[in-house]
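What does the fold of this chain look like, and where does it leave empty space? The paragraphs below take the open space, then the chain as a whole, then its sheets and some local backbone features.

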Amino acid sequence: MKRKIKGKNRGTLVCALALVTAMMLTGCGSGKTREGQNEQAIATPVPTANNLEEGEVSVPKSSYVNPVAGDSETGEYIYGGDPSVLVDGDTVYLYTGHDTSSDQEVNRKVYTIREYLCYSTKDMVNWKSEGVVMTADRVNISWATSSTTAWASQVAKYKDQYYLYFCTWDKTSEGKQSIGVAVSDSATGPFKDIGHPLVQGTVTMPQSNNWNDIDPTVWIEENEEGEEHRYLAWGNSKYYICELNEDMISVKDQDGDGTITCGVAGKNADILNSQIGLTAYTEAPWLYRRKDDSGKYYGKYYLFYASGWREQMAYATTDNLMGGMWKFGKILMEPTATSNTNHPAVFDFKGKTYFVYHNGSLPGGNGYRRSACITELKFLDDGSVEPMKETASGLNGTTAAIQTTDGEKLSHPNYRNASGDEPYPYKGVRIGTGQSEEEADALWVLTSGRADPQKNAYVSIQAEDKPGLYWTADEDQTVTLSQNADATEDTAKRQTFHTVKGLSDENAVSFESVTSPGMYVTLVKGTLKLTDGSDKKAATFTIGE
C-alpha cells in the first residue's frame, strides 16, 4: 500500500527561506510516492500549504531517507535487522528478520524474531513491502527449538530456484545454533525448509559458544576455467566456509570419505574453520567480488563483517576463498549511534555498488529493534574501500545547514560513537555554534514533525551523521540531540518544532517548541536553549544547503 510523503530527491535545491510563504512552499517537494513499509498501514494524505495559519511557515523537508523500510506516520513501526540483498534482473530484494522484542525483552537482551520480511525496489527510491517470506516457527522448521529466532539470512538464486539460508536454534544439535536452508520458486516466497539443518552446530567443532553457527552468506560464480563454485560462509567469533553441491542444499564432500567434517586445512576438512587475517572478527560475514564493465567477476574476494564490540563494519580480502589467507583492509564504519550490533550486505545495481547496514534509528529502536539503511560504497583506485559514515538522508534524501542570521552554522560536537554500552541511548548532546569544523556535524535532515506529520508547520530535525538523534526540547529548557528511544507521544512532541516566520526577519524562520508553546529555540552563549523569544535575533535562523 502506498503512502505519500512531502519531500524531494537529492540534487533538488533547498528552497530559499526568503520564498517561504504558504503559496510558494507547495513546490518544495517532489510529490513522489514512497511505498508503504507495512501492508496493513492506512494511506495518509500529503500535508498541503493551505493548512498554514497566520504567521506559520513550512520549511523544505526531506523524504526518501534512511531507514528504507519500517517507518510509519501512524506509529506502527516495523523493525527488522540483519539485512541481506538479492539482485534479480531489474529488481533489488531486501530481506530482514522481523524484530518484535518488547521493552521487557530489550531490557533482558532478548531477540524476538518470528519471521523473515522482504522489500523490493526497481529504482533504489521506492520500496515496496513484499510481506513475510518465511515464518520461523516449529511448524515450518521442524528441527527448531523455538519459534522466535529468525536470525540472519541470505537469499541466493540458482537455476530459477531461490534458496533462503538462515540460522536458528537446533534441537537436533544439542540445542546449538545451526544453519538451515529453505527453497522457493519466487524471490518473495513462501520458502519451505528442507526438513533438517544444512550444517549442524555439532559438526563445526571445536566451538567457543553455542551460537558459533549463525549469519550465513552465499557466493556463486564460475571461474576462468569454466568451473562453477557455490560457497557458503558463516560464523560468530569463528569464521567457517564450505562449498555446496549443485543441489544447493548439501555440503560438498571435498575428500570423498562420505562424512562432512570441519577443520583448519582443506586436505582433511570439508568445512574450513579459520579466521586468520580477519582482525577482530565478530560475526555477520558477507562475501563479495567486483565486476568489470562486461559483468565478469575480477580481482580479489572481499569479506565484509562486523568487528569488535560495539560492532564496527570492517573488511578483508583474499585471492582464494577456500585456501587463501585473509588480508585485513580497514574499519569502514564506526559503531552506529543507536544499535550495539551491525550487519553488512554489499551489492551492485545499475552501475553502482551499495552498502546495506542496520541501526536503531526509528523511534523506539535499539539493538533489538533494528532497521535497514543503505548508502553508496566506493572503491579507491587501489581496490581498497572508502570508509563510510551513517547517513540519515540515505541515497535520495536531502540535508540542510541551519544558520544564525549572521551566518554561523549550528552543529553538534565531533565525537566518535562509544565502543562500550554505557552511554547509550545517547541524550543531551549539545547543539550550538563553534563546536566542530567537520562539515558532517553541521548537516541536518528535516522531516515531517513526529508529533503530527500532517501539520505542514511542524518539523523534526535529525543529525545527518548520527541518525536517530533529534533536536529535543529538554526539561531544563536546553535543546540537545537525543535518541527517540521510547517512541512515546511525549518524546515525539519534545522532538517536534512549530515553524513560524522569523521573529526578527519574516524571510527567515523561528522554531517554537511544540511541547512548550510560546518558547522558542534560541542561541544563548553559543548553545541552543528555549526562551520566550525576547531576543528576537538570537531566536531567528536561516536554512540553506
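A pocket, as the word is used here, is an open set of grid points with protein on both sides within 12 Å along at least five of seven lines. The model in which such pockets are sought is a predicted one. Its largest pocket has a volume of about 830 Å³. The lining of this pocket is made up of 36 residues, and those closest to its centre are Val-106, Lys-109, Asn-340, Gly-367 and Tyr-368. Which elements supply at least two residues each to this lining? They are helix 1, which covers residues 103-107, and strand 16, which covers residues 281-291. Helix 1 gives the most, with 3 residues. By residue class, the lining of the largest pocket divides into 12 nonpolar, 13 polar and 11 charged residues.

Closed spaces are a separate matter. A cavity differs from a pocket in that a 1.4 Å probe fits inside but cannot get out. How many cavities of 30 Å³ or more does a search of the whole structure find? The search finds 4. The largest cavity has a volume of about 70 Å³. Its lining consists of 11 residues, with Tyr-64, Val-68, Met-124, Trp-127 and Asn-396 closest to the centre. In the lining of this largest cavity, 7 residues are nonpolar, 3 are polar and 1 is charged.

Consider next the chain as a whole. The secondary structure comprises 2 helices and 33 strands. The radius of gyration of the chain is 25 Å, and the globule rule gives 24 Å for 545 residues; the two values are close, so the chain is as compact as a globular protein of that length. The C-alpha trace spans about 85 × 45 × 45 Å along its principal axes. Of the 545 residues, 59% count as buried, where buried means a relative accessible area under 20%.

Two of the sheets can be followed strand by strand. One is an open sheet of 4 strands in the order 3-4-5-6, with antiparallel pairing. Why is one side of strand 3 and of strand 6 left without a neighbour in this sheet? Strand 3 (79-88) and strand 6 (128-135) stand at the edges and have a single partner strand each, so one side of each has no neighbour in the sheet. From one strand to the next, the twist of this sheet averages 25°. Strand 5, residues 113-121, pairs with strand 6 in the antiparallel sense over 6 bridges. In that pairing, Tyr-119 has Ser-129 of strand 6 as its bridge partner.

The other sheet is also open and has 4 strands, here in the order 7-8-9-10 and again with antiparallel pairing. Its edges are strand 7 (154-158) and strand 10 (192-193); each has a single partner strand, so one side of each is left without a neighbour in the sheet. Strand 8 (residues 161-169) and strand 9 (residues 177-184) run antiparallel and are joined by 8 bridges. Across this pair, Tyr-162 stands opposite Ser-184 in strand 9.

Some loops hold backbone features to check in the model. The peptide bond that joins Asn-66 and Pro-67 is cis, with omega about -5°. Pro-67 is placed in the loop between strand 2 (33-35) and strand 3. Another cis peptide bond joins Tyr-424 and Pro-425, where omega is about -5°. The loop that holds Pro-425 runs between strand 23 (401-404) and strand 24 (429-430).

Positive phi angles occur at Asp-215 and at Ala-487. Asp-215 is not a glycine, yet its phi is about 65°. This residue sits in the loop between strand 10 and strand 11 (217-222). Is Asp-215 buried or exposed? The relative accessible area of Asp-215 is 4%, and the cut-off for buried is under 20%, so Asp-215 is buried. Ala-487, likewise not a glycine, has a positive phi of about 55°. The place of Ala-487 is in the loop between strand 28 (479-483) and helix 2 (489-494). Relative accessibility at Ala-487 is 36%, so this residue counts as partly exposed.

Terms used. Residues are numbered from 1 along each chain as its sequence is written. This is a predicted model: local features need pLDDT of at least 70, side-chain atom pairs count only at pLDDT 80 or more; totals for chains, interfaces and linings use all residues. Side-chain values use heavy atoms; hydrogens and water are left out. Two strands pair if DSSP finds at least two bridges between them. Axes are lines fitted to C-alpha atoms, for helices over the stretch in contact, and angles run from 0 to 180 degrees between N-to-C directions. Buried means under 20% relative accessible area, exposed over 50%, partly exposed in between (1.4 Å probe, protein chains only). On a 1 Å grid over the protein atoms alone, a cavity is a set of points where a 1.4 Å probe fits but cannot get out, and a pocket is an open set with protein on both sides within 12 Å along at least five of seven lines; lining residues have an atom within 4 Å of a point. Grid points are joined across faces, edges and corners, and a volume is the space filled by probe spheres set on the points. Ala, Val, Leu, Ile, Met, Phe, Trp, Tyr, Cys and Pro count as nonpolar, Asp, Glu, Lys and Arg as charged, and the others, Gly among them, as polar. The radius of gyration is taken over C-alpha atoms; the globule rule is 2.2 Å times the number of residues to the power 0.38.
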